[in-house]
Number of protein chains: 2
Amino acid sequence: MNDMLPIAVDAMGGDKAPGEIVAGAVKAHNDHGIPVVLVGRTAELGDHGLPTIEASEVIEMDEDAAGGVRRKKDSSLVRCAEAVRDEKASAMLSAGNTGATMASALFRMGRIKGVNRPAIATPIPVPGARPTVLLDAGANADVQADWLVQFAQMGSVYTTKRFGIENPRVGLLSIGEEAGKGDILRKEAFELLTVAPGINFVGNVEGRDIMTTHVDVVVTDGFTGNVVLKALEGAVKTIVKGLLAAFASKPEYKEHSDALLPALLELYATLDPETYGGAMLLGVDGVCIISHGSSSSIAMVNAIKVGADMVQADLVGALRAALKPAE
Amino acid sequence: MNDMLPIAVDAMGGDKAPGEIVAGAVKAHNDHGIPVVLVGRTAELGDHGLPTIEASEVIEMDEDAAGGVRRKKDSSLVRCAEAVRDEKASAMLSAGNTGATMASALFRMGRIKGVNRPAIATPIPVPGARPTVLLDAGANADVQADWLVQFAQMGSVYTTKRFGIENPRVGLLSIGEEAGKGDILRKEAFELLTVAPGINFVGNVEGRDIMTTHVDVVVTDGFTGNVVLKALEGAVKTIVKGLLAAFASKPEYKEHSDALLPALLELYATLDPETYGGAMLLGVDGVCIISHGSSSSIAMVNAIKVGADMVQADLVGALRAALKPAE
């Protein structure tokens, strides 16, 4: 991988920045041989031995996204996106402000020709199987039906590149499996998806299908997608907490739950969002990975590996080809 | 409870009808002293000893709802709703076709004065605590902002009557906690909810808050609500399946998981939708309970108990008072 341009990592973004971010970048480089460049206030990053790009400003986690990107031209996020645009980096990655990550990528890298709106694709864990790719997981709160068709096309390309699934099954998230079930937007999108090229549309799917092997790509608007993503994350957390409380409810349970710990940890690893290294912003003209704000160094290693994989698989080239406007 | 009008139970509705439905009705009557009247093809219901209302037709689970109600005037669902309208029953209950249950209730009982649209309120389990009430869980796929305000008002009244929570905290389901986060609908609804009378509006909540004690009532449109409800049900199922698979992955785990079974079953009971006896259609002029299609006799007993409680607590009277249009 040493002939690859480095992955530009926003060292200032995330609840555990810069410590865990830098640690993850170092580990990705040392253990996996992935070239990385750290972007941020270089004096604050400690000893790491990696190349850097200086950026004096930070867009905070809760700062207004578009305003932050406009005002803070020397922020780590803007500099990450510029590094990709200027071919000094092959991909950008941040665990910081999601809106500002999207805005930086969109304003500096631009959109792939033909794409109406970029969308966030997030892998949803399925125990014992490959994850389901959900998009849009939050980039566009209000959408049009034809954008959903592009989300389906981009999600298909990504799922093939990322998980090696040829001709992935694409479902439209709705309420009821039959054609024509859903709100006005879904009814219109269903018609368009039925005739759209380049996808294997299997019809409507329901909320209960997301964490199963019934479908590979689930398409929805960014409002519903974000609500569902966070609801599922919350459910996993709540159930794990409930399990721990149940096992602690009687002293005699302890030896048994200790004996089962390896099995429980293995299951938890398949349910943990950190395992999949974050979400991908599809439709911008470059690889852009959006990691969870709470990302640890392990999450960062996974995210950097995904970034390197997607660069080497030429995800963006494949998206360009799939979304090419008709001549 | 013997002076109460009986609960009209649709004996023909649900995947396990009529067997489990009738068994649940008998049990609710015998064990809890709740008066019940079974509605359906009385010759097909076996020995039960309960009063009946004959209805020769059945609206099937996947039948077009409005069409079914229009065509099948002698269906068990239509006869249930008429029994409430005609004061022969105090409430109706069905585990059958959800759309047709709503349509029967709406067309035969009518709406409470001032209500724009009825909404489905569903309790979402929170381990170790009272459930969160989610509405609308599927009655209205496309909504207006002012309907969401009524959902908030109706959900508050219901949560107080059902779970004894005074001044329940109402959250608007959105993406981001800050005011102004969300899609166009949510932004408009947020403004209206801030000044709406009769509710304790605590602002936006996110998907991850639903299965927690952070909020008592979560308000959303019926599309998002139904997707989230089914996603959460799916997550519970998937994780339980994953746990069982993890415990079965090595023979030496068996004695330990057997020892933990009581704790696991107790946790599962708090996560099982059957525990709460189904959803309530709020805004029609009578008590109408919509149970899960897969309801067992135990789910039916719980649902009949909820129906009786809501009749005795005069839920509909309280909703009428709360939704009364300004003079």
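Two strands count as paired when DSSP finds at least two bridges between them. With that in mind, let us walk through this predicted model, starting with the sheet of chain A and moving on to chain B.

**The sheet of chain A**

Eleven strands of chain A make up an open sheet with mixed pairing, ordered E3-E2-E1-E4-E11-E10-E5-E6-E9-E7-E8. Strand E3 (52-54) and strand E8 (200-205) of chain A sit at the edges with a single partner strand each, so one side of each has no neighbour in the sheet. On average, neighbouring strands of this sheet are turned by 25° against each other, direction ignored. For a closer look at one pair, take strand E1 (residues 7-10) and strand E2 (residues 36-40) of chain A: they run parallel and are joined by four bridges. Within that pair, Ala8(A) has Val37(A) in E2(A) as its bridge partner.

**Strand E4 of chain B**

Over in chain B, E4(B) pairs with a strand on either hand. With E1(B) the pairing is parallel, over three bridges, and Val9(B) has Leu93(B) in E4(B) as its bridge partner. With strand E11 (residues 287-290) of chain B the sense is also parallel, over four bridges; here Leu93(B) is matched by Ile289(B) in E11(B).

In a regular strand, side chains alternate between the two faces of the sheet. In E4(B), Ala91(B) and Leu93(B) point one way while Met92(B) and Ser94(B) point the other way, and all are buried.

Following on, Ala95(B) lies in the loop between E4 and H4 of chain B. Ala95(B) has a relative accessible area of 0%, so it counts as buried. Beyond its neighbours within four places in sequence, Ala95(B) is in contact with several residues, including Gly13(B), Ile21(B), Met61(B), His292(B) and Met300(B). Of these, Met300(B) is 205 residues away in sequence, yet the C-alpha to C-alpha separation from Ala95(B) is 8.4 Å.

**Helix H3 of chain B**

Helix H3 (residues 76-85) of chain B is mostly covered, with eight of its ten residues buried. Among them are Ser76(B), Leu77(B), Cys80(B) and Val84(B). What covers these buried residues includes strands E1 (7-10), E2 (36-40), E3 (52-54) and E4 (91-94), along with helices H2 (65-71) and H4 (98-109), of chain B. Just after H3(B), Glu87(B) adopts a positive phi of about 60°.

Two residues of this helix reappear around a cavity. The structure holds one cavity of 30 Å³ or more, and the largest cavity contains about 30 Å³ of space. Its lining consists of Asp10(B), Met12(B), Gly13(B), Val58(B), Ile59(B), Ser76(B), Leu77(B), Gly96(B) and Asn97(B).

**Cysteines without a bond**

How many disulfides does a search of the whole structure find? It finds zero over all chains. A disulfide needs two cysteine sulfur atoms within 2.5 Å, and the table shows how far away the nearest sulfur is for one cysteine in each chain.

| Cysteine | Nearest cysteine sulfur | Distance |
|---|---|---|
| Cys288(A) | Cys80(A) | 9.0 Å |
| Cys80(B) | Cys288(B) | 9.0 Å |

Both residues are also shielded: Cys288(A) is buried, with a relative accessible area of 0%, and Cys80(B) likewise counts as buried at 0% relative accessibility.

Key
Residues are numbered from 1 along each chain as its sequence is written. Chains are lettered from A and ligands numbered from 1 in the order in which they are written. This is a predicted model: local features need pLDDT of at least 70, side-chain atom pairs count only at pLDDT 80 or more; totals for chains, interfaces and linings use all residues. Side-chain values use heavy atoms; hydrogens and water are left out. Buried means under 20% relative accessible area, exposed over 50%, partly exposed in between (1.4 Å probe, protein chains only). Helices (H or I, at least four residues) and strands (E, at least two) are DSSP runs, numbered from the N terminus. Contact means heavy atoms within 4.5 Å. Axes are lines fitted to C-alpha atoms, for helices over the stretch in contact, and angles run from 0 to 180 degrees between N-to-C directions. On a 1 Å grid over the protein atoms alone, a cavity is a set of points where a 1.4 Å probe fits but cannot get out, and a pocket is an open set with protein on both sides within 12 Å along at least five of seven lines; lining residues have an atom within 4 Å of a point. Grid points are joined across faces, edges and corners, and a volume is the space filled by probe spheres set on the points.
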